[in-house]
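Student: I am new to this protein and would like a close look at one small part of it. Could you walk me through that part, and then show me how the rest is laid out?

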Amino acid sequence: MLQRQTIIDVDVCSIWSNNWKFNVDLKDLIHTNVKPAAGQNAGKFSKIHVNGWDECVAQCCQFSRCNVAYWVSSTCFHIECSSDEMCQPIEMVDTHLSDDVFYLRIRSVHLTAAAADYDDTGFDECNETKLCPINEKCEQVSINAELQRNVCLCDGDSELRRIKGVCRQYLPRTKPCAVYEADSETNQYGDDSDNDNRGKCRKNEECLPPSDRAKHGYCQCKLGFTRLDSSRKCVIDNKEEQSTEVHAESSTKSISSSSLDDFIVEAGDDQIITLPKDEVDLNGRVLHKSNKSGVALSILNNQHLNLLWSLKTSTSEAKVDISNQSDLASHVVAKQLRAGIYEFELKLNDKQGATLASDVIKIEVISKATTVLPLVVKVISPVSVRLPQTIIKLEASVEPSSRHVTYRWTYKKDGPVMPLIENMNTSDLLISNIRAGTYSFQLDVMDDSGNQQTKTVQLIATGDPIEARVTHSREIVFWPSNDVLLDGTSSIIEQQQQTHVFWTLISNDNKQDANTIEIISPHSLKTRISNLRIGQYKFQLALVTNDKRYTSKTEVLVVVYSQNGQPPKISINLETKSVNILNNLIILNASKTTADYGIAKWQWAKSPLCPAIGHFINNSSSSPIAYVTNLIEGQYIFILQVLDDRQQMSEMNITVNVNGVPDAENLIELVFSSKSYLHQQTLDNLLAQIRVFLIDLLPNIHIIMVGMLHENVLLVKGKDFKTDLIISPKILVNHLQDKIKSLRSASNMNIISIDTYLCLSDCSNHGKCNQKTKRCICHSYYMENWFKSIVQREPNCDFVIHYFVIITSISSILSLIFCWFCTCCCLRWRRRYNLLERRKRIRYQLLDENDDEGAYDSTEKTNEKSRFFRRNKTKKSNIVISASDQSDENGEQTLYDKPLLTAKANMNSPKLRNRGLTVAVQDISNEVPEQPVLSPVSGCIFEKRLIVKYLHESSIDPVNGQPLTEEQLIDVK
């Protein structure tokens with residue numbers, strides 16, 4: 001048994017370092033092949049995922065609640081001890097893990113009591129004037145790396161523990177008891193009756209567990225009592241009575257110096273009860289606001305403080321009975337409840353009645369008739385796992401998720417072995433240490449309303465339960481060092497049954513006698529090999545179960561190098577001699593590289609000066625043979641760095657030129673709609689259809705596929721299989737472009753375009769052809785012949801811009817002149833046509849003398865005259881003539897050559913009506929005729945005064961020159 005040590009005087013975290021093996025102070029504090037004195041009941045165990053023992057200790061130093069760093073089978077545990085005695089290290093019975101168990105006590109329990117979950121309030125709990133309660137003393141603890149506070153801790157010199165916020169006596173070696181058994185208040189038996197009352201405590205005792213997870217505890221004296229070693233009975237603490245006055249004075253001084261606002265009240269969690277139960281327990285407490293620790297009722301009584309329950313609100317009119325409470329009633333029973341919602345308030349008042357702190361709890365009372373939603377439990381069954389696995393988790397959930405339920409997992413014991421089970425009263429069950437087979441677990445879920453659901457979950461495990469693993473599969477040693485540490489602690493083994501470990505030497509290349517090589521711990525997961533020489537050694541780690549049913553093996557290569565080796569010598573060989581964008585693959589082989597210390601790392605990389613496109617495939621950048629694809633045309637420079645086991649590095653470059661498409665001037669480019677991939681049958685059908693459409697042009701043609709430039713671009717070429725000559729792609733393209741619709745239908749492919757891969761046009765020697773767009777980029781002063789480009793599909797630069805502009809301008813001017821001429825001719829023809837229509841001769845009918853009164857109605861004459869003058873506001877005329885055949889193109893007529901009787905015809909002149917006949921009126925004297933007369937010779941109407949005067953001078957009609965006398969004139973009325 002190890003020496004008992006209850007107080008840690010050394011600050012472990014301040015002196016801890018990764019070189020702990022060479023630190024004498026640390027080495028004395030680290031225990032091997034030990035376990036806590038109380039085993040699993042020593043406190044709360046937390047599994048921490050770290051990479052090694054050093055990191056396990058470092059994280060325990062950072063975690064203020066961690067008391068012990070425990071390393072078992074490559075697993076880190078942090079122990080939050082219930083007491084220093086329970087975490088005292090004792091030797092283990094099993095010795096197969098002796099080299100893989102480390103135990104280091106970081107800090108004592110009394111130093112972590114106040115630092116655990118401490119919320120910094122910005123001030124110290126105690127000082128020279130602010131004293132701590134009874135059984136507590138003021139000590140300084142580290143809240144974090146930069147902050148320290150004075151807190152009240154239980155007196156470490158005596159056997160005291162903080163229980164429910166109060167420092168009280170706790171003896172771990174008293175009578176064991178069941179936590180869930182009710183305390184025997186009426187037990188009057190002495191020591192001789194213990195055999196008849198196992199699991200029950202005596203008078204003035206209560207059962208207290210050593211940790212929150214423990215189901216069993218020890219009988220401890222109740223608050224206000226202490227145990228005497230002589231009688232083993234709990235008697236009234238005389239020390240407390242004797243120190244009442246002193247403590248009251250110090251307590252008064254402490255509280256008076258500090259603020260009474262340091263107290264807070266907790267009324268407890270909300271509850272739901274179902275009728276016919278009509279009472280509920282109300283259990284509250286008073287805490288220190290600074291560290292959330294409980295406050296003893298004696299302290300409140302000394303300060304004349306009152307703790308009272310009261311009914312704050314209620315949805316029911318029931319009179320609730322909570323009268324059975326004292327001035328310091330932290331626990332009362334509320335009775336006579338009815339269906340409804342109640343709010344009870346717990347108040348802490350001073351002696352003047354002022355409220356210092358308060359809290360409210362809600363109680364909901366439901367009747368049996370209240371409809372409760374059914375309880376739905378969701379689990380996954382069966383659950384299949386592949387061994388080996390350290391922890392297997394079975395999960396369960398309920399709906400509605402807000403409902404408070406209790407879980408209970410039960411193993412049906414139907415599997416091949418008994419597994420290790422944790423968290424049996426939670427929704428997530430943790431299972432470990434299983435073998436291949438089927439396991440059944442029963443889950444019982446119950447809510448507060450009494451609803452219960454039972455589910456069965458099957459766990460199907462396959463594979464081996466153990467697996468041999470090593471930290472490094474290759475270990476390097478430099479002579480004259482002749483030993484090496486082989487670590488297999490990462491292996492998975494069975495916890496409940498012993499797993500046998502065997503380290504053996506498999507091979508040795510330097511012909512050294514195997515008996516001279518010493519394996520110090522051949523049956524431990526971590527062993528040391530010594531007496532090695534320069535060369536290579538191969539060791540094997542074998543794990544065998546206790547029943548020899550399962551075996552797992554792994555190997556470790558140990559290389560011992562001399563001190564006079566040289567850096568690696570790199571040799572690179574380019575496996576692909578000709579690289580272009582069609583084969584699109586570069587293979588770089590550096591497997592012939594040699595190194596005296598072996599090669600630890602390969603690293604290929606592209607030079608920053610080479611094209612960005614192009615990448616390594618299959619993770620070949622870290623292997624001796626590199627594969628590079630997705631290349632473009634250009635020059636690539638690759639850099640190889642080789643690192644040996646002694647961290648010596650060598651570097652070498654290699655340059656690779658990636659060419660374009662070979663024989664590009666003879667290729668035809670087919671662009672079709674993109675597909676995920678092109679079937680070989682579809683490709684063969686397409687090539688056959690192309691040959692069918694070209695066979696009428698060249699009967700001996702053979703279509704050859706060159707490659708796929710992109711996923712939707714196919715390159716082919718035509719070849720005469722008799723003469724073995726390549727056929728001009730321009731001829732083939734011109735022939736296929738006319739039949740692209742038929743080819744698209746026959747091949748069942750959406751062919752977008754068919755063209756030569758390169759632009760073969762010389763652009764009329766006045767430009768350069770763009771290989772991507774297949775169009776000519778003409779030089780200055782030249783442009784494309786559109787007709788030739790569209791009809792003949794040939795890019796060109798035939799036109800000179802100067803000549804084209806001149807010819808275009810002249811053509812435009814001539815076109816405008818021609819259009820103007822045609823327009824004028826059309827207008828002239830139309831005008832002559834209209835004149836001919838207007839020159840039709842009008843016939844008249846002479847009026848009889850008897851028709852004068854009936855020719856026109858007086859009313860009609862008046863209306864006709866008014867309409868005539870409204871439409872034609874003409875000048876007055878003395879002579880009126882009809883339309884004449886001698887009218888010129890402007891509508892002008894000539895009566896005779898004398899100026900007196902010459903006038904212009906007015907087509908808008910007034911018209912006279914006579915028996916339905918119409919005659920044209922023409923102005924000569926610019927006056928309206930007062931006495932019109934009609935010439936029977938010419939049929940014209942004249943002013944009588946004027947025509948008579950004219951006839952006196954010449955006896956002819958002024959219109960047609962025929963003889964006319966005054967007697968022949970006829971009056972017009």
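Where does aspartate 262 lie?

Tutor: Happy to help! One thing to keep in mind from the start is that this is a predicted model. Aspartate 262 sits in the loop that links helix H6 (244-257) to strand S17 (263-266). Its relative accessible area is 14%, and buried means under 20%, so aspartate 262 counts as buried. Look across from there to histidine 288: the two residues are 26 apart in sequence, yet their C-alpha atoms are 5.8 Å apart in space.

Now step from the loop into S17. Phe263 and Val265 make up its covered face, while Ile264 and Glu266 make up the uncovered one. This fits a general pattern: in a regular strand, side chains alternate between the two faces of the sheet. S17 is joined by four bridges to strand S20 (residues 285-288), and the two run antiparallel. Within this pairing, valine 265 stands opposite valine 286 of S20.

For a helix to set beside this strand, go to H10, residues 740-747. Ile740, Leu743 and Ser747 are its buried residues. Viewed down the axis of H10, they fall within an arc of 60°, so they line one face of the helix. The general reason is that an α-helix has 3.6 residues a turn, so residues three or four places apart point the same way. Lys741 and Ser745, on the other side of H10, are exposed. What do the buried residues of H10 pack against? Their partners are helix H8 (680-694), helix H9 (729-737) and strand S52 (751-756). Just after H10 comes asparagine 748, which has a positive phi, near 60°.

Further along the chain, three strands form an open sheet in the order S60-S59-S61, with antiparallel pairing. Strand S60 (941-943) and strand S61 (970-971) are the edges, each pairing on one side only. Strand S59 (residues 932-934) is joined to S61 by two bridges, and valine 933 has aspartate 971 of S61 as its bridge partner. Helix H14 (residues 944-953) lies across S59, S60 and S61, and runs at about 90° to S60.

There is also a stretch that comes with a label from a record. An unreviewed UniProt entry lists residues 800-829 as "transmembrane region". In the model, this stretch is 97% helix and 3% strand, and the C-alpha atoms at its ends are 44 Å apart.

Finally, here is the whole protein around these parts. Its secondary structure comes to 14 helices and 61 strands. The protein has 973 residues, of which 40% count as buried. Among its contacts with a separation of 6 or more, 59% are between residues 24 or more positions apart.

How confident is the predictor? The average pLDDT of the protein is 77, and 78% of the residues score at least 70. Two stretches to read with care are these: pLDDT stays under 50 over residues 114-118, where the model has 13 contacts beyond four places in sequence. It also stays under 50 over residues 865-924, for which there are 126 such contacts.

How values were computed: Residues numbered from 1 in each chain as written. Predicted model: local features only at pLDDT ≥ 70, side-chain atom pairs only at ≥ 80, totals over all residues. Heavy atoms only, no water. pLDDT = per-residue confidence, 0-100. Contact = heavy atoms within 4.5 Å. Buried < 20%, exposed > 50% of the residue type's maximum accessible area, 1.4 Å probe, protein only. Pairing = 2+ DSSP bridges. Arc of directions from axis to C-beta. Axes fitted to C-alpha atoms, helices over the stretch in contact; angles between N-to-C directions. UniProt positions renumbered as here; feature names shortened; annotations may be inferred.
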